[in-house]
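Please open the model in your viewer and keep the selection tool at hand. We will take a short walk together, one stop at a time.

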Amino acid sequence: MFRTFITIVLMTVSTLLLAGDTVDRPRIGLVLGGGGAKGAAEVGVLKVLEERGIRPDYIAGTSIGAIVGGLYACGYSASQIEDLFRTQSWLSLIGNRNDDLRRSILDEVDGVTYIFGFPIGGKTKEPGVDESALGVLNGRRITHLLDSLTKKYDGIESFDRLPIPFRCVAVDILTQEEVLMDSCEIELAMRASMSIPGAFRPIKWKGKTLVDGGMMNNLPVDVARQMGADVVIAVDLDQGEHSDDRFSLKETFGIGGILDWLVSRPDWKKNKANREDADVYINPQLAEYGVTSFGAESIDTMIARGERAARKALDNWQGGTKER
């Protein structure tokens, strides 16, 4: 009986969504968190939302969530984004690997030194990239891929003009302040949000030096609320709870601490508040997977777990909104 009730609620929401903006209805925000390859689970969530006829009015994303969310906001379907996950060689894309040189131990092309096709030296000019900043990779190949996928919307004055309004979270590494990107070339925003410090060179935008948004806000439920969402569906790729006192200078900047900081994220208090503020909280079980788990079998499993977690969370949702 309860599942029947929930199904009726979801069908009613779906009908209102299809009826257009003239209907007075709750606005739905979709929040996609960061987590590297674990973003495949977010594709599984999108598939379930589509199955149930739930179309978000707003999307906010961080890191891989900004890539998945940005593409979805541009009009790509869940199945199209799934194909992208399955067909791309992500580690080669992220590492700027030159596949023609993958069998060469050491080579140099146009002033860039390669080991087994991976660039390790030299600089290449890339629009928006701060080439003077610390970072092993400039993200050229993945930026070009994202550019080819979003070129239709080059030059739009605001991300509000996309098929689904979109916000991308980044961080100004110089001021350590959260930055919401809402207007620029879309691929530049997505590239900025995934710029793990030390791994990817930052992006320059409006006088700011931008890196991975997960450093400050890895699950931007608050951003979706600011956009106007009444109901927020949040997909959290983080695994396990974090206590507010876990972050410390000694732990973060000690041996190995910086790596934990970059992967696990320090702002537990804000992340905890955002988790609690989500109306539908989806947390797929991905503990055995990491940010580089781009293997075909791993992708299959993570998509399936995203679907399973989404169905469970939606079935358990009471149909209400958070009191604030």
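Colour the chain by secondary structure to begin: 12 helices and 13 strands should appear. Keep in mind that this is a predicted model.

**The whole chain**

Now switch on a surface for everything. The chain has 324 residues, and 53% of them count as buried. What the chain exposes comes to about 15,000 Å², with carbon and sulfur atoms supplying 54% of that area. If you display contacts, consider those with a separation of 6 or more: residues 24 or more positions apart account for 71% of them.

**Strand 11**

Next, select residues 208-212, which make up strand 11. Is this strand largely enclosed or largely open? Four of its five residues are buried, so the rest of the structure largely encloses strand 11.

**Strand 7, a partner**

Keep strand 11 selected and add residues 166-172, which are strand 7. Strand 7 and strand 11 pair in the antiparallel sense, over three bridges. To see one pairing in detail, show A170 and look across to D212, its bridge partner in strand 11.

**Strand 10, another partner**

Now add residues 203-205, which form strand 10. Strand 10 and strand 11 run antiparallel, and three bridges join them. Zoom in on I203: which residue of strand 11 stands opposite? Facing I203 there is L210.

**The turn between strands 10 and 11**

Follow the backbone from strand 10 into strand 11 and you will trace a hairpin with two residues between the strands. Select K206, which sits in the loop between these two strands. What is the sign of phi at K206? Phi is positive here, about 50°, although K206 is not a glycine. That is worth a pause, because most residues other than glycine have a negative phi. Turn the surface back on around K206: its relative accessible area is 59%, so K206 is exposed, since exposed means over 50%.

**A loop after strand 7**

For the last stop, return to strand 7 and continue along the chain towards strand 8, residues 177-181. In the loop between strand 7 and strand 8 you will find Q176. Select Q176 and check the backbone: phi is near 55°, again a positive value in a residue other than glycine. Is Q176 buried or exposed? Q176 counts as exposed, because its relative accessibility is 57%.

Note on methods:
Residues are numbered from 1 along each chain as its sequence is written. This is a predicted model: local features need pLDDT of at least 70, side-chain atom pairs count only at pLDDT 80 or more; totals for chains, interfaces and linings use all residues. Side-chain values use heavy atoms; hydrogens and water are left out. Buried means under 20% relative accessible area, exposed over 50%, partly exposed in between (1.4 Å probe, protein chains only). Two strands pair if DSSP finds at least two bridges between them. Contact means heavy atoms within 4.5 Å. Accessible areas come from the Shrake-Rupley method with a 1.4 Å probe; for residues, only the protein chains shown count as cover.
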